[in-house]
Amino acid sequence: MNINFTTATFRDFENIPDYNIAQRAEIFYEFLEYMKSNGHMNYRLKNTTGTNSVVSVDIENQNKEYVSFVSSDYLGFTQHPKVKQAAIEGIEKYGTGTGATPLIGGYFDYHNRLEKKISSFFGRTEDEAVVFTTGYTANSASLQCLMQKEDLAILDMAVHASMYEGCAFTNKKTFPHNNLEALEHILRTSENLYRTKLVIIDGVYSQDGDTSYVNEIYDLVKKYNAFLMVDDVHGVGILGETGRGTLEEANLLDKIDIITGTFSKTFGSLGGYVIADKKIAALLRFQSRQQIFSATAPPSSAGIIKAIDLIDEEPVWREKLWSNINYFKKGLDDLGLDTGITRSAIIPVKIGDPHVTGDVGRLLIDRNIYTNPILYPAVARKDARIRMSVMARHEKEHLDKTLNAFEDINKKLHIAKK
Ligand SMILES: Cc1ncc(COP(=O)(O)O)c(C=O)c1O
């Protein structure tokens with residue numbers, strides 16, 4: 001088996017025919033060394049200061065400051081004094097961990113307060129919310145619980161990996177991103193063939209930063225007697241008049257069968273949640289494997305309760321974020337760069353070629369700007385890009401420094417749209 005390192009991505013090493021674990025690990029190790037030698041290895045870099053608009057990163061034992069675009073802490077709440085204080089108080093009161101799964105002793109009163117808080121944030125009741133230990137398991141463990149071999153999951157191709165994982169043991173069909181005709185075709189042709197048909201979409205898509213056609217999809221779901229699940233982790237706190245996300249924009253907050261989300265992005269901590277009818281929520285509490293077999297979120301989660309309050313108490317962070325998003329996107333567009341169809345805090349600069357994208361990532365690092373080059377399989381092979389997350393904490397000087405760097409890189413590598 002010959003793998004061409006110049007065009008390879010991590011995906012090519014996931015399963016190599018005839019290679020046992022040791023052989024696969026060996027060739028992958030060589031690939032990592034190759035990436036390092038090209039300066040393309042800006043993955044798993046050591047952050048030494050925490051999430052912020054400027055962070056210190058240790059690259060090969062050199063600790064330097066970088067303007068950072070790698071964090072989904074969009075509103076900057078990981079560093080908000082009130083959120084930190086609430087997390088500290090949680091630890092003071094309960095200690096550092098829970099020592100048990102929710103079912104057998106790990107469900108504490110702060111988990112219950114969190115369920116009350118997040119459900120009322122969405123205008124729902126406490127018994128309609130279930131918290132999970134990560135956003136990933138809110139998706140994967142819920143789906144594994146709800147969807148069995150007699151059911152059908154219908155996924156927008158661009159949904160998050162956690163959704164795909166949750167559908168490992170059920171029937172699965174995918175439709176091209178936001179393609180309503182293809183979705184309707186699947187719904188029509190699978191009528192009466194499955195017990196449950198569940199359409200699965202994201203509110204904001206994590207690589208392009210664009211949004212779903214949720215109103216149209218909702219109508220189709222009702223027409224064909226299916227259910228709808230929406231993961232809005234990149235929309236909540238950012239979109240919607242009061243920051244309730246894409247479902248607030250669409251006026252559908254009280255109509256979606258299953259809403260999922262995370263506490264690791266806008267809410268500055270760790271954990272996930274599912275909002276659903278109280279009977280579906282009860283099913284998840286007692287039947288989802290995360291709830292039965294994996295420990296609950298630690299007492300620092302008390303900080304999340306404060307973070308949720310701050311969405312209403314301090315809208316200034318959302319305003320600052322939007323002013324940064326608009327300024328930065330316009331700057332990139334004015335340089336002729338391709339930012340696609342984003343309408344969120346996720347701004348891609350689409351380049352196409354994975355190798356050139358790696359070079360852009362390295363040149364940005366050389367200018368003390370930390371971004372994520374995104375390659376296949378996160379996006380299609382020819383759709384590599386630099387993906388940036390804008391934060392409320394970015395200052396104009398951070399954005400200008402980055403725009404200047406892109407201008408210079410474009411002169412060298414010609415990455416602007418033709
Ligand atoms: C769309 C989407 N859903 C779910 C998740 C998982 O959330 P978490 O990282 O909090 O587990 C992510 C994380 O990156 C995501 O982008």
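The legends below describe views of a predicted model, beginning with the whole chain and then turning to the ligand and its surroundings.

**Figure 1. Overall fold of the chain, with 14 helices and 14 strands.** The radius of gyration is 22 Å, close to the 22 Å that the globule rule gives for 418 residues, so the chain is as compact as a globular protein of that length. Along its principal axes the C-alpha trace spans about 60 × 50 × 45 Å.

**Figure 2. Burial, surface and contacts in the chain.** Of the 418 residues in the chain, 53% are buried, while the accessible surface amounts to about 18900 Å², with 51% of that area belonging to carbon and sulfur atoms. Among the contacts with a separation of 6 or more, 67% are made by residues 24 or more positions apart.

**Figure 3. The shell of 14 residues around the ligand.** Tyr 136, Asp 231, His 234, Thr 262 and Ser 264 are the closest of these residues, and the shell as a whole divides into nine polar, three charged and two nonpolar residues. Helix H4, which covers residues 135-146, supplies the largest share of the shell, namely three residues.

**Figure 4. Polar contacts of the ligand with His 234, Thr 262 and Ser 264.** An N or O atom in the side chain of Thr 262 lies 2.5 Å from an oxygen atom of the ligand, and for the side chain of His 234 the corresponding distance to a ligand oxygen atom is 2.8 Å. Ser 264 places a polar side-chain atom 2.7 Å from an oxygen atom of the ligand. The ligand taken alone exposes 390 Å², of which the protein buries 83%.

Terms used. Residues numbered from 1 in each chain as written. Predicted model: local features only at pLDDT ≥ 70, side-chain atom pairs only at ≥ 80, totals over all residues. Heavy atoms only, no water. Near = heavy atom within 4 Å. Polar contact = N/O pair within 3.5 Å; in protein donor to acceptor, adjacent residues only side chain to side chain. Areas by Shrake-Rupley, 256 points an atom, 1.4 Å probe, with all protein chains shown as cover. Helix = DSSP H or I, 4+ residues; strand = E, 2+ residues; numbered from the N terminus. Nonpolar A, V, L, I, M, F, W, Y, C, P; charged D, E, K, R; others polar. Rg over C-alpha atoms; globule rule 2.2 N^0.38 Å. Buried < 20%, exposed > 50% of the residue type's maximum accessible area, 1.4 Å probe, protein only. Contact = heavy atoms within 4.5 Å.
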